[in-house]
There are 2 protein chains.
Amino acid sequence: MEFHQLRYFCAIADSGGFSRAARLTHVSQPSLSQQIHKLEEELGAQLFDRIGRTVRLTELGRAFLPRARALLSDLEAARSAVAEGSTSITGSVCVGVIPTIAPYFLPPLLATFSRKYPQAPVTVVEEITPLLLERMRSGAIDIAVVAVPLQTRGHEFQSFPLIEEKLYAALPRQHALAKRRSLTLGELHDEPFLLLRDGHCFRETAVAACKRARVQPKIIFESGQFSSILSMVCSGLGVSIIPAMALEKRNGCQFVPLADGRATRAIGAVTLNGRSLSRVQQAFLTHLTAKLASKPTRLAR
Amino acid sequence: MEFHQLRYFCAIADSGGFSRAARLTHVSQPSLSQQIHKLEEELGAQLFDRIGRTVRLTELGRAFLPRARALLSDLEAARSAVAEGSTSITGSVCVGVIPTIAPYFLPPLLATFSRKYPQAPVTVVEEITPLLLERMRSGAIDIAVVAVPLQTRGHEFQSFPLIEEKLYAALPRQHALAKRRSLTLGELHDEPFLLLRDGHCFRETAVAACKRARVQPKIIFESGQFSSILSMVCSGLGVSIIPAMALEKRNGCQFVPLADGRATRAIGAVTLNGRSLSRVQQAFLTHLTAKLASKPTRLAR
DNA sequence: AGAATGGATAGGCATTTCCTATGGGACTGT
DNA sequence: ACAGTCCCATAGGAAATGCCTATCCATTCT
C-alpha cells in the first residue's frame, strides 16, 4: 500500500469517478484503474462497485475512506511539522565553556541572546576541555567555547575562531618589574610561579609560552581560578600569567603585557563535525561570532 | 515520501545504524542509505547525523520519529480493519419486498436469520417493484425479494430464483364452482373480478394469466392487499386470483387451484448487478435460498 | 600498523509506474 | 433503433525507481 494509491483512492471517492479524478490528480485514467486494482488486490476486497458507468464506494470502501484520509493528512502534518521545525527558531541550546573563559566572556553574550530569542532557553555547562569534548561526542552539548586550536587529531571537531587575546604577567605592585610597559617571560625566569591546576588548558598555554621562552617555571601554587591566584600575587607570593579577559583591578597587583611572540590565547567556538545544528543552535553560533566581530579590537588587543 | 522510507527510517532509528537496520529489514544497506537520503532531501532537512561511524537522530529526526511510527501503525490498523470488515459477518442488511410477498414469506426467514446472526440488524422496506428497483440503483437497498422475471432489459439486475407457487381462484363458498378440485380461468370469464390496485406486480401476473386464457376480466374492485379482497370474496361480491402463500382459512371463501398452464408466480431474490455484497448481505442471500431449498414442495405445490 | 566495521557511492538489473492507444459496455439524443 | 458519447478496463511500451553487488573511504579495534 502506497501513499499515491491512497491519494488516488480518495480522489476517486471524492470526485465520484475515475476519469474525473484523473483530471484532478493530473494522472491518466488507466493509471488510476491500475493502482486501485492493485490496492484492492492487496486488501483482498473491492473498494468500489463499478455499476453501469458509475462508480460507487462499497461498504468496505466507505469504511476505508476516513482512514485513508487520516493517513494522508497525518502525512502532511508530519511534513509541515518538519518544515516548521527546521525554520522556526525554538528549542534549546546547550553550550559548554571552560572555567577560564566562563565568568568573563559568556554572561553578556547570553544576556543579549536571550533578549533576542526569548523562546530559546540556553543551558551552560562549565567543565574543562576534555570533559566538554566528551559531552559533545555524546550529544549532550551542542557548542563549546574553548581555547583553540584543539589537540585532537583528525577532523572530529569544527572550530570557529572568536577572539585572540594577549597574555599578561601579573606582578605584585612592589615587584621590580611592575612599572615596565612590557616584558618578556625570560625576565621572569627565576620568579616563583602561581598557575592553574593541571587539567585547565590555560595552564598548558602558559607552560607552553614559558617553554618557548626557554623558561622552566618554578610552580609554587596551583588553583582552580584566577581570582585565588591574583589574591596571592597581591600578597607578594609570586607571579602569574593571566589572559586579558581575566584582568581585574586589584590594589596590590600590576599587569604587564608580555612581549613574547605568540604569547596569546585564542578562543573559538567548537562543534562536533558532522553534527547538524538546529536553527537556534545555528543562531547562537552566529550570535557568538557576529557579536565579537564588532568589537575585536577591544578584547584582542 | 513513501511508506517503505518511513519503515526504513524507524528501523534505523530503532537499531541505531544502517547496517543493523539492513539486517532487520532484509534490505541491503546501500538501499537504506539511498532511501533515507531521498527522504531527507524531500523534507529539506537531515534526520540523522553521521558522526564517525555512528548514526544518531538529529533533533528534527527525533521529532519526526513518533509521527513516522504513528503513520505506520495507522496503516496497519487500516489494513487490518479492512481484513476484519471483509471477513466478519457484521453490519446491516437492507432488504426490500413487495407487499404481496412481505407478510407471508419474510417473517419466518427474518426470525431464523436474526437468531443465526444476532449482530446483523435487518431492515425491511415494503414497496412495489419499480420503487424497490430504484432504491437498489441508489444503493439504499441491498437485496430485493420480488416476482421474477423482471421486465428490465439488460443485465442490470441479477436474480436468484426462490420459489414458484401456484395460483388459486378465490370463490365465495356458495359459488357454483366452489366445490371443484380445479378449474381454468376460462370458466371464470363472466365473473366480476376483485384485483390488486395498479402498480402491484401481482395484478400484472393475474391479468397476464387471464389474457393467456383469453379472458377479459371485469374488474369491479381494486385494493392494496389480499385480505381486503378476500373479505369481499367472502361477501360474495366477486372472485379473485390469489397466490398460494396468501391463502388463509376463511369461512365464506373457497380456494380452487387454477389448472391453466403457467398459472404460477415465481419469486426471486434480486441484487444490483456489479454490486459487491458484504459478508452479512451474502449470508442473508444464501439464507434465503438455502432455507427454501429445504422446503420447496410445501410452498411450490 | 593492520584488520574490521560502517556508511557512501557507482553502475547495472529488475520491477513498477506511467503513458497512449484501444476495447467494450452503457447511457443519450435524434 | 441507431450512431455518438461517456466511462472504465486492458494491452503494450517507455520512463522512472528501487534494489542489488562491488567498491571506496573514514573510523575504530586489536
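**View 1. Residues around DNA strand D.** Around DNA strand D sit 23 residues, and the ones that come nearest are A:Gly17, A:Ser19, A:Pro30, B:Ser28 and B:Gly52. "Near" here is a matter of reach: the C-beta atom of a residue, placed from the backbone, has to lie within 6 Å of the strand. Two or more residues apiece come from α2 and α3 of chain A and from α3 of chain B. The top contributor to this surface is α3(B), with five residues. Helices are DSSP runs of H or I with at least four residues, strands are runs of E with at least two, and both are numbered from the N terminus. Sorted by class, the surface near DNA strand D has five nonpolar, 13 polar and five charged residues. For that sorting, Ala, Val, Leu, Ile, Met, Phe, Trp, Tyr, Cys and Pro are nonpolar, Asp, Glu, Lys and Arg are charged, and the others, Gly among them, are polar.

A quick note on reading these views: this is a predicted model, where local features need pLDDT of at least 70, side-chain atom pairs count only at pLDDT 80 or more, and totals for chains, interfaces and linings use all residues. Residues are numbered from 1 along each chain as its sequence is written, while chains are lettered from A and ligands numbered from 1 in the order in which they are written.

**View 2. Residues around DNA strand C.** DNA strand C is surrounded by 22 residues, with A:Ser28, A:Gly52, B:Gly17, B:Ser19 and B:Pro30 the closest. At least two residues each come from α3 (29-43) of chain A, and from α2 (18-25) and α3 (29-43) of chain B. Here α3(A) gives the most, five residues. The class split is five nonpolar, 12 polar and five charged.

**View 3. Helix α3(A) and its two faces.** The 15 residues of α3(A) should span 21 Å at 1.5 Å a residue (the expected span is 1.5 Å times one less than the number of residues), and the end C-alpha atoms are indeed 21 Å apart. Buried in this helix are A:Leu32, A:Ile36, A:Leu39 and A:Leu43. They sit on the same side of α3(A) because they cover an arc of only 60 degrees around the axis, going by the directions from the axis to the C-beta atoms. Turned away from that buried side are the exposed A:Pro30, A:His37 and A:Glu41. (Buried means 20 or more other C-beta atoms within 10 Å of a residue's own, exposed means 12 or fewer, with C-beta atoms placed from the backbone.) The cover over the buried residues includes α1 (3-15), α2 (18-25) and β1 (48-51) of chain A, plus α4 of chain B. Just past the helix, A:Gly44 has a positive phi of about 75 degrees.

**View 4. A:Leu6 and its surroundings.** A:Leu6 belongs to helix α1 of chain A. It counts as buried because it has 24 C-beta neighbours inside 10 Å. A:Leu39 is 33 residues away from A:Leu6 in sequence, yet their C-alpha atoms are 8.5 Å apart. Leaving out residues up to four places away in sequence, A:Leu6 touches A:Ala68, A:Leu71 and A:Leu72.

**View 5. Where chain B meets chain A.** In this view, 35 residues of chain B are in contact with 36 residues of chain A, contact being C-beta atoms, placed from the backbone, within 7 Å. On the chain B side, β1 (48-51) and α4 (59-87) each supply at least two residues. The largest share, 16 residues, comes from α4(B).

Conventions
Two residues are in contact if their C-beta atoms, placed from the backbone, lie within 7 Å.
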